[in-house]
Amino acid sequence: MSFKDPLDEASGGIAAGGSLEGGAEQEVGHLPVMADEVVETLAPRPGSLQIDATLGGAGHAERILEASAPDGRLLGLDADGAAIARSARRLARFGDRAVLRQANFSELGEVAPASGFGRVDGLFLDLGLSSYQLADVERGFGFRAGGRLDMRFDTSRGLSAADMLATLAAGELAALFRRYGEEPFAGRIARTIVETRSHSPVETAEQLAALVERAVPTPRGRRTHPATRVFQALRIAVNDELANLETGLATSLVLLRPGGRLVVLSYHSLEDRIVKRFIAAEQRGCVCPPEVPICVCGHQPTLRSLGRSRTPSSGEVAANPRSRSARLRGAERVAA
Ligand SMILES: C[S@@+](CC[C@H](N)C(=O)[O-])C[C@H]1O[C@@H](n2cnc3c(N)ncnc32)[C@H](O)[C@@H]1O
């Protein structure tokens with residue numbers, strides 16, 4: 001599931017910039033991951049149009065705007081209204097060079113043209129959640145969160161994690177933990193949730209973490225919390241993250257002009273596999289099955305990979321442990 005370490009974002013111990021205990025909107029900060037490599041791969045030029053579809057704390061967006069000075073423009077998106085408000089403060093000095101919208105990047109096909117970004121030179125995705133979201137105990141992303149298990153990036157729509165835990169059948173919960181968390185004790189955990197909720201609802205992150213801890217055996221020397229995979233699986237399901245990623249990637253082909261660049265930072269293998277396969281498929285010409293003697297698909301390459309994936313330096317991982325599972329991939333749009 002993970003690249004180097006088991007996924008433990010939800011442990012609350014790896015966010016950049018400080019302690020995660022405390023208030024709902026504590027200014028813990030979010031260090032942009034592989035920022036130099038992102039800017040180098042995206043190569044934003046003065047006058048160019050760029051999209052950062054996952055603004056978060058706007059660390060990357062700020063770097064992209066600096067690199068495209070004096071007149072490059074950036075459309076910044078985030079599904080989370082709090083991220084938009086925070087980014088607006090951080091990017092205020094760029095004036096109308098930064099255009100911010102609260103939207104899901106699966107809606108880029110409509111939002112970008114409507115915002116004057118119908119043909120762009122760069123599109124950047126930094127997947128997953130920010131340290132701000134992890135630190136906000138009301139959002140329920142971290143194990144220690146005492147508030148309701150919400151986990152929605154956009155809190156104005158969709159089912160929360162608590163809703164899913166309350167309504168899905170044991171088989172559905174087990175399938176979810178297996179599919180999005182590759183959780184070996186998926187069935188056992190799902191049954192424990194269903195048993196528990198028959199007498200008391202499972203509504204907080206703390207309750208869920210404790211329940212999983214009770215449900216699964218503890219192997220000696222485990223370095224991560226036993227609920228890591230369950231938390232990740234729920235977050236992916238609540239936000240429909242993998243389907244949205246597929247849609248966002250497909251939309252990049254429509255929005256990028258020839259020579260424009262797609263750059264994606266992913267944090268676990270489910271995401272990275274989608275990005276890797278997308279670039280590989282779009283690089284190919286004919287995609288007919290091998291047994292078809294003459295091409296009937298007419299597929300033309302639409303992307304050129306910008307080389308092998310990259311990972312953060314050991315110095316960056318030491319300074320920002322949240323970066324340790326990051327993997328960067330880039331591709332350039334080619335004229336079809
Ligand atoms: C890792 S953070 C981005 C951090 C940012 N690059 C920075 O420098 O601060 C990911 C952000 O993407 C947002 N996000 C995740 N999936 C999204 C989606 N499908 N559409 C829009 N925003 C999304 C999350 O709300 C979160 O704020």
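In helix α1, which covers residues 35–42, the buried positions are V38, V39, T41 and L42, where buried means that 20 or more other C-beta atoms, placed from the backbone, lie within 10 Å of the residue's own. They cover an arc of only 165° around the axis, which puts them on the same side of α1; the arc is that of the directions from the helix axis to the C-beta atoms. The cover over these buried residues includes α2, β4 (120–126), β5 (256–266) and β7 (327–333), and just after the helix A43 takes a positive phi of about 50°.

I should say at once that this is a predicted model, in which local features need pLDDT of at least 70 and side-chain atom pairs count only at pLDDT 80 or more, while totals for chains, interfaces and linings use all residues. Residues are numbered from 1 along each chain as its sequence is written. Helices (H or I, at least four residues) and strands (E, at least two) are DSSP runs, numbered from the N terminus.

Let me turn to α7, residues 170–181. Its 12 residues, at 1.5 Å a residue, should span 16 Å, and the end C-alpha atoms are indeed 16 Å apart, the expected span being 1.5 Å times one less than the number of residues. Buried in this helix are L173, A174, L176, F177, Y180 and G181. Seen down the axis of α7, these residues fall within an arc of 160°, so they line one face of the helix. They pack against α8 (186–197), α10 (228–238) and α12 (269–283), and E182, just after α7, has a positive phi of about 45°.

On the wider scale, the chain is divided into domain 1 (9–132 + 241–333) and domain 2 (138–238), with bounds from an automatic or database domain assignment. Their centres, taken over C-alpha atoms, are separated by 27 Å. Across the boundary, 12 residues of domain 1 are in contact with 14 residues of domain 2, contact meaning C-beta atoms, placed from the backbone, within 7 Å. The domain 1 side of that boundary divides into seven nonpolar, three polar and two charged residues.

Finally, the ligand: 23 residues surround it, the closest being P32, T54, G56, G57 and G59, where a residue counts if its C-beta atom, placed from the backbone, lies within 6 Å. The elements giving two or more residues to this shell are α2 (59–67) and β2 (73–78).

Note on methods: Contact = placed C-beta atoms within 7 Å. Nonpolar A, V, L, I, M, F, W, Y, C, P; charged D, E, K, R; others polar. Buried ≥ 20, exposed ≤ 12 C-beta atoms within 10 Å, placed from the backbone.
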